[in-house]
Amino acid sequence: MKLTNLRSFAATAVVAFGVTGPLQADMPLSYTNEIAPGVYSFGGGNGYHSMFLVTDEGVVAFETVNSTHSEKMIEAISGVTDQPIEFAMHSHNHWDHASGGGVFQAAGAETVAHTLAAQYLAAVPGQDTSVPDIVWDGNRHDIEIGGVTVQLHYLGLNHGLGMTVFVIPEKRVAYIADLVTPNRVGFNIMPDFNIGEWERTLGEILELDFDVAVCSHTELSAEEAPNGCTKTHVEEERQFIVDLRGAIFAEFQKGTPANEIPTRVALPQYAEWVGYDEWLPMNAWRVMLDIWMGPYPWVPEG
Ligand SMILES: [Zn+2]
C-alpha cells in the first residue's frame, strides 16, 4: 500500500472504529467537565479525551486528536472563557493523537511537541497533522501562563516517540495519553509500546505531583470516575503488566509449548476489564515475544 493510501486508510479507520476498544456502543457524546478550578476534561464523543486549562492570560489545550475533535474542543473552550488559546500540546507522535494541530494554529495558538515527536511529524506527516511551532528537548520543560506552571515531562522510551506527561501541580492535575487506560486490558497487540520501559514509566508517573488525571482513553463511566483517572489507575496499569508477565513465566515453568501460552494465560482478576476475552491473548503474544526475542521498540542511549 502506498503511503498516501495508507494515510487515508488510517484516517478512515479512526472514524470507523473509534480506535479505543471493542465496546463502543455506549460511547458518550461530547462533554466538558471542570475537574479542578480552571481545568476541564473534554471528550470528543470519539473515544478520545482531551483537557484544557483556563487562566487569566490565556488557555492551554492538551491533545488535539484530529481536526473535528479540535473544532469541537475550541467550541467548548469558547463556552467557558473569552481568553485566547495560547498553546496546544501534543502528547506524542501517533497520528490518531497528534492530528488536528492546524485547527489550533489557525485559531492563533502555538502547537507544542517534544523534539522526538516533532521530528517524526515533520518526516512522516499524516493527512491531518501539522508541524509543531514550539519544539522542546530533554526530560523537562515548563510553560508558565497566568501565574500557573505547566510541567512537561519526557520520561524516556515507553510508547511512541516524545511521549509527554503534563502536570499542573498547583491544580493537582495531569494529562496522560495512552500509558494508562482504566478498566481495559492492553490495546490490541500493544502497538509501539516497549513493555519494560512502559512499566518503569508508570512507576515514575506515580511520583509526579498530581492527584487526578485526564487519560486519553478510559473505560470508566463519568459516574464511576467524574474526575478522570487517579494514581490508583496508574498503579493498576503497572500491576497488569507485572501480572501478565508473571503468568507467562508460570507457563514457561510448566513447560507449556510457547505457541499455546497466549491462549492459556488467564488473569481472572481482570476478567471484568474491557477487551479481556478479545485482547488478552494478543497482549500475551506481545509480552511473550518480547521475552523471547528481545524488546521492541528499542533505541540506543543518547
Ligand atoms: Zn499512541
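Mentor: The expected span of a helix is 1.5 Å times one less than its number of residues, where helices (H or I, at least four residues) and strands (E, at least two) are DSSP runs numbered from the N terminus. This is a predicted model, in which local features need pLDDT of at least 70 and side-chain atom pairs count only at pLDDT 80 or more, while totals for chains, interfaces and linings use all residues. Residues are numbered from 1 along each chain as its sequence is written.

Trainee: How far apart are the end C-alpha atoms of helix 9?

Mentor: Helix 9 comprises 18 residues (276-293), which at 1.5 Å a residue should span 26 Å. The model agrees with that expectation, because the end C-alpha atoms of helix 9 lie apart by 25 Å.

Trainee: Which helices are included in what covers the buried residues of helix 9?

Mentor: A residue is buried if 20 or more other C-beta atoms lie within 10 Å of its own, exposed if 12 or fewer, and partly exposed in between, with C-beta atoms placed from the backbone. In helix 9 the buried residues include Trp279, Leu280, Asn283 and Val287. What covers the buried residues of this helix includes helix 6 (195-205), helix 7 (231-254) and helix 8 (261-264).

Trainee: What is the order of the open sheet of seven strands?

Mentor: Pairing here requires that DSSP find at least two bridges between two strands. The edge strands of this sheet are strand 1 (31-36) and strand 7 (134-136), each of which pairs on one side only, and the twist averages 25° from one strand to the next (axes are lines fitted to C-alpha atoms, for helices over the stretch in contact, with angles from 0 to 180 degrees between N-to-C directions). The sheet is open with mixed pairing, and its order is 1-2-3-4-5-6-7.

Trainee: In strand 5, which residue is the bridge partner of Phe62?

Mentor: Strand 3 (49-55) runs antiparallel to strand 4, with five bridges joining them, and Met51 stands opposite Phe62 in strand 4. Strand 4 also pairs with strand 5 in the parallel sense, over four bridges. On that side, the bridge partner of Phe62 is Met89.

Trainee: Which helix makes a β-α-β unit with strand 4 and strand 5?

Mentor: The unit is right-handed (with the strands pointing away from the viewer, the path from the first strand over the helix to the second runs clockwise). The helix in question, residues 67-80, lies across strands that include strand 4 (58-62) and strand 5 (85-89), and runs at about 35° to strand 3. The helix of the unit is helix 2.

Trainee: How many residues does the largest nonpolar core have?

Mentor: A nonpolar core is a set of buried Ala, Val, Leu, Ile, Met, Phe, Trp, Tyr and Cys residues joined through C-beta atoms within 7 Å. Ala61 is among the residues with the most contacts inside the largest core, and, neighbours within four places in sequence aside, Ala61 is in contact (C-beta atoms, placed from the backbone, within 7 Å) with residues including Phe52, Ile77, Met89 and Phe104. The number of residues in this core is 71.

Trainee: Which residue in strand 12 does Tyr175 stand opposite?

Mentor: The open sheet of six strands has the order 8-9-10-11-12-13, with mixed pairing, and its edge strands are strand 8 (140-145) and strand 13 (229-230). Within this sheet, strand 11 (residues 173-176) and strand 12 (residues 212-215) pair in the parallel sense over four bridges. The residue opposite Tyr175 is Val214.

Key: Contact = placed C-beta atoms within 7 Å.
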